[in-house]
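Subject: Structure for you to look at

Dear colleague,

I am handing over a structure that I have been going through, and below it you will find what turned up. Please keep it open while you read, so that you can follow each point on the screen.

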Amino acid sequence: MTDIQILVGSVFGGALMTARKLREQLSSDDVSVTVHEKPTLASLTDSSGPVLVCTSTTGQGEIPENLLPFYVELRDQLPMQEGRPFGVIVLGDSSYGDTFCGAGELMEEALREVAARKVGETLRIDAMETVEPEEDALPWASEWVRQVTGSKT
Ligand SMILES: Cc1cc2nc3c(=O)[nH]c(=O)nc-3n(C[C@H](O)[C@H](O)[C@H](O)COP(=O)(O)O)c2cc1C
C-alpha cells in the first residue's frame, strides 16, 4: 500500500477542488490518499509515503495562507526527509509574468532543502488557458503515481 499525502494551498478553492478530485481518482486497493486541507508540519512528519503538493499562487508569487504555516515550520525546523518522493502541481496565471506559479517553486525549494526527492516535472496550470484544473491534473497525477509506486501498468 502506498500512502500519498496531498498538501493543499488554495485561496479560492480551485487547488482544493483539484486535490479532492485527485483523491477520488487515485485511490485504489493499492493507493490511499490523504488530503491535508490545512497542512502543518505534522502532516509531513507524522505520515509516510510520497508527498504531492497541490497549491495555487497568490500575492506576488506567494504561498496561500492555509499552506503558509507548513512552509514556515518546514523552513524553520528542517526535519530531514531523505529520499522521500514528492511532486508539485501548481496553479497560477501567466498574466502575472515573473511570478507565474511562484508558490510551486517555493515549495519545491523547501522540500529539496530537507532532502526530499522530486519525481516528475512540476505541472503548472495556467488559469489563462484552463478553467478546469483537474482536467490537466488527473492524467499528470496518474503518471506521477505510476512513477512513485514503480508500477508499470
Ligand atoms: C490576488 C491574486 C494574486 C495572484 N498572484 C499570482 C501570482 O503571483 N502568480 C501566479 O501565477 N498566479 C497568481 N494568481 C492567480 C491564481 O494563482 C490562480 O487564479 C489560481 O487558479 C487560483 O487558485 P485557487 O482557487 O486554488 O486559489 C493570483 C490571483 C489572485 C486573485
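Helices and strands are here the runs that DSSP assigns, with at least four residues for a helix and at least two for a strand, and they are numbered from the N terminus. Please bear in mind throughout that this is a predicted model.

With that in hand, the overall layout can be read off: the protein has 5 helices and 6 strands, and along the sequence they come in the pattern β-α-β-α-β-α-β-α-β-β-α. The radius of gyration is 14 Å, close to the 15 Å that the globule rule gives for 153 residues, so the protein is as compact as a globular protein of that length. The C-alpha trace spans about 40 × 35 × 25 Å along its principal axes, and 37% of the 153 residues are buried.

A good place to begin looking is strand E1, which covers residues 2-9 and is mostly covered itself, with 6 of its 8 residues buried. Which strands does E1 pair with? One partner is strand E2 (residues 31-36), which runs parallel to E1 and is joined to it by 6 bridges, and within this pairing Thr-2 stands opposite Val-31 of E2. Another partner is strand E3 (residues 51-56), again in the parallel sense, this time over 5 bridges, and here Gly-9 stands opposite Thr-55 of E3. Helix H1 (residues 14-26) belongs to this picture as well, since E1, H1 and E2 together make a right-handed β-α-β unit.

The next thing to find is the ligand, which is surrounded by 21 residues, the closest being Phe-12, Gly-14, Ala-15, Ser-56 and Gly-92. If you sort this shell by class, you will count 8 nonpolar, 12 polar and 1 charged residues. Helix H1 and strand E4 (85-92) each supply at least two residues of the shell, and so the helix you have just met in the β-α-β unit also takes part in surrounding the ligand.

Finally, there is a record to set beside the model: the UniProt annotation "domain: Flavodoxin-like", which comes from an unreviewed entry, covers residues 4-145. In the model, the end C-alpha atoms of that span lie 9 Å apart, and the span is 37% helix and 23% strand.

With best wishes

Terms used: Residues numbered from 1 in each chain as written. Predicted model: local features only at pLDDT ≥ 70, side-chain atom pairs only at ≥ 80, totals over all residues. Buried ≥ 20, exposed ≤ 12 C-beta atoms within 10 Å, placed from the backbone. Pairing = 2+ DSSP bridges. Right-handed = clockwise from strand over helix to strand, strands pointing away. Near = placed C-beta within 6 Å. Nonpolar A, V, L, I, M, F, W, Y, C, P; charged D, E, K, R; others polar. UniProt positions renumbered as here; feature names shortened; annotations may be inferred. Rg over C-alpha atoms; globule rule 2.2 N^0.38 Å.
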